[in-house]
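User: Could you walk me through this structure and tell me what stands behind each term you use?

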2 protein chains.
Amino acid sequence: MSKGEATREAILDTASRLARSVGLGGITIGTLASRAELSKSGLYAHFRSKESLQVSILEHTRARFVAEVVAPALTEPRGEPRVRALFENWLTWDSQPGGCLFVAASSELDDQPGPVRDRLVRYQQDWLDSLAEVFRTGLSEGHFLADADPEQFAFEVDGVMLSRHLSGRLLDDPNAVSRARTAFEALLDRARA
Amino acid sequence: MSKGEATREAILDTASRLARSVGLGGITIGTLASRAELSKSGLYAHFRSKESLQVSILEHTRARFVAEVVAPALTEPRGEPRVRALFENWLTWDSQPGGCLFVAASSELDDQPGPVRDRLVRYQQDWLDSLAEVFRTGLSEGHFLADADPEQFAFEVDGVMLSRHLSGRLLDDPNAVSRARTAFEALLDRARA
DNA sequence: GCGACAATAGCACGATCGGTCGGTCAGTCG
DNA sequence: CGACTGACCGACCGATCGTGCTATTGTCGC
C-alpha cells in the first residue's frame, strides 16, 4: 500500500469515527482535517468534494462491516448458529464508540435525496437481505417452521437492533444489550415453535 | 392568543417540519426564517439562541405528540385496547411528512451532550414509560400473562416502531406498516399465550 | 545524488453560518 | 396628543463553511 493509500485509509478511519458522533452531514472539512492531522487542502487531494467524501466513508465503513460482522458469521454452520452469530456480531459492532454508523445515517438521510442516500439505501437493503438469507439457511436445515417469513424475521430482528441502539446509546440503559438478547431469543423461539 | 404567540407557534410548526427532514442540527436560522417568511432578527425576537430554539421545537413537538398520540389512547378501555391504540396512533404520527421527529433526533443527538439532548432523553424515557405503564393496565386487567415484563415489552414495541420508521422512510418499503402490525400482533400473542 | 512525480501545505476566494445592531411601525394606554 | 411597547426588518459582525490554486516538501527509480 502506497503512502497515499495509507493516508486515505487513515482519513477514512478518523472520518468514520467522527461521523458516528456528529453524523455524516455534521462532518466539517476543517475539523476532519485537523482531526486527521492534515491540512484541508491535503484532504482534497484524496476526495474531490464533501459529497464524495461522504460516499467514501460509507464504502469504507461498509467494507469493515462486511469483514467484521457478516463474513465471520458465514463461517458458522448454516441455520440457527449462523443467525445467532450475525446478531451477536452486530451487537459487538454497535458497541464501538459512536455505535453503528448506518443506523445514525439512516434517520439523518431518509429525507435527503442524492448519491449519499442512494448508497446508504443499497447497503441497508443488502443488510436486511443478508438477515433474511441467513434465516433461509435455517429453513432449509429444518431449524425453523416452514411457513416462517424470512423478510418479516429480518424486519423484526432489525427492530431489536435499532431498539438496542437507542436504549443503549441515547438513554444509557445498561440493560439494553440483555433486553436485546431476550427479544432476539423470543424471535427465535417463535420461529421454531 | 396574542399576535406574538401566534407567530411563535407558526414558526415552531414550520421549524418542526423542517427539522424532520434535515434534523435538529441541520436547521439554519436563515433558512428557517425565510421558510417562515420572517427575517432572521424577527426570529430572534422569539428565541434567544439557536439552542433554545431547538429545545422549543422539541417542547412544541412533544405537546403535539401527547395530544395526538398519547392522550387519545388513554380514552380507550384499560389493557389491550389501550395498548393497541397507542401503537396505531404512533403509526399515524410517523406517517406525517418527515416522520417522527424524536426518532430522527435520537440518533442525531445520542453522542452530543447538552440541554437539547437532555430534553430528548427525558421525552424518550417518558415515552417508554408510557408504553410500559399502559401495558401494566393490561396486566391488572388480566389481559396479559402475570410474569410478562412491561419494560421488556416497551423495548420490543419500540423496536418494531423504529424498524417501521426505517423500512418505510429510508427504504420506501410499501409493506412496512403491515410488517409492523404483524410484528406487533406477535408481541401481543406472546404476552397473552 | 539528481530528476520526476506523488503527497501535502499555504493561502485565499465567495458563500453562509449564528448572532447583534439601530431603527421602523402599528397599536395601546393615559 | 404623547409616551411607550412588542413585533419585526435590513444591514452588518466575525467566524467558519466548502473549495479551489499554487508552492513546497518527501519519496523513489535511475
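Analyst: Happy to. A residue counts as near a strand if one of its heavy atoms lies within 4 Å of it. This is a predicted model, with local features needing pLDDT of at least 70 and side-chain atom pairs pLDDT 80 or more, while totals for chains, interfaces and linings use all residues. Residues are numbered from 1 along each chain as its sequence is written, chains are lettered from A and ligands numbered from 1 in the order written, and side-chain values use heavy atoms, without hydrogens or water.

User: Which residues come nearest to DNA strand D?

Analyst: There are 15 residues around DNA strand D, and Tyr44(A), Lys50(A), Ser39(B), Ser41(B) and His46(B) come nearest. On the DNA side, sugar and phosphate make up 57% of the strand D atoms that come within 4 Å of the protein.

User: What makes the approach of Ser41(B) to a base oxygen of DNA strand D a polar contact?

Analyst: The cut-off for a polar contact is a pair of N or O atoms within 3.5 Å; within protein, one must be able to donate a hydrogen and the other to accept it, and residues adjacent in sequence count only if both atoms are side-chain atoms. A polar side-chain atom of Ser41(B) is 2.4 Å from the base oxygen, so the pair meets that limit. Phosphate oxygens of strand D are also reached: one is 2.8 Å from a polar backbone atom of Ile29(A), and one is 3.1 Å from a side-chain N or O atom of Thr7(B).

User: Which helices give two or more residues to the surface near DNA strand D?

Analyst: They are H2 (29-35) and H3 (40-44) of chain A, along with H1 (3-22) of chain B. H3(A) gives the most, with three residues. A helix here is a DSSP run of H or I with at least four residues, numbered from the N terminus. Chain A has nine helices and zero strands.

User: How is the surface near DNA strand D divided by class?

Analyst: It has four nonpolar, nine polar and two charged residues. Ala, Val, Leu, Ile, Met, Phe, Trp, Tyr, Cys and Pro count as nonpolar, Asp, Glu, Lys and Arg as charged, and the others, Gly among them, as polar.

User: Which residues are closest to DNA strand C?

Analyst: Ser39(A), Ser41(A), Lys40(B), Tyr44(B) and Lys50(B) are the closest of the 17 that surround it. Sugar and phosphate account for 54% of the strand C atoms within 4 Å of the protein. By class, this surface has five nonpolar, nine polar and three charged residues.

User: How do you know that Lys50(B) makes a polar contact with a phosphate oxygen of DNA strand C?

Analyst: An N or O atom in the Lys50(B) side chain is 2.7 Å from a phosphate oxygen of strand C, so the pair falls inside the limit given above. A side-chain N or O atom of Thr28(B) is 3.4 Å from a phosphate oxygen of this strand, and a polar side-chain atom of Ser41(A) lies 2.9 Å from a base oxygen.

User: Why are H5(B) and H8(B) called roughly parallel?

Analyst: H5 (residues 80-94) and H8 (residues 150-170) of chain B pack at about 25°, with axes 11 Å apart. Axes are lines fitted to C-alpha atoms over the stretch in contact, and angles run from 0 to 180 degrees between N-to-C directions. Angles under 35 degrees count as roughly parallel, over 145 as roughly antiparallel, 65 to 115 as roughly perpendicular and the rest as oblique. H5(B) and H8(B) are therefore roughly parallel.

User: Why do H4(B) and H7(B) get that label too?

Analyst: H4 (residues 50-74) and H7 (residues 115-140) of chain B pack at an angle of about 10°, axes 9 Å apart, and are therefore roughly parallel. The residues of their contact (heavy atoms within 4.5 Å) divide into twelve nonpolar, one polar and five charged.
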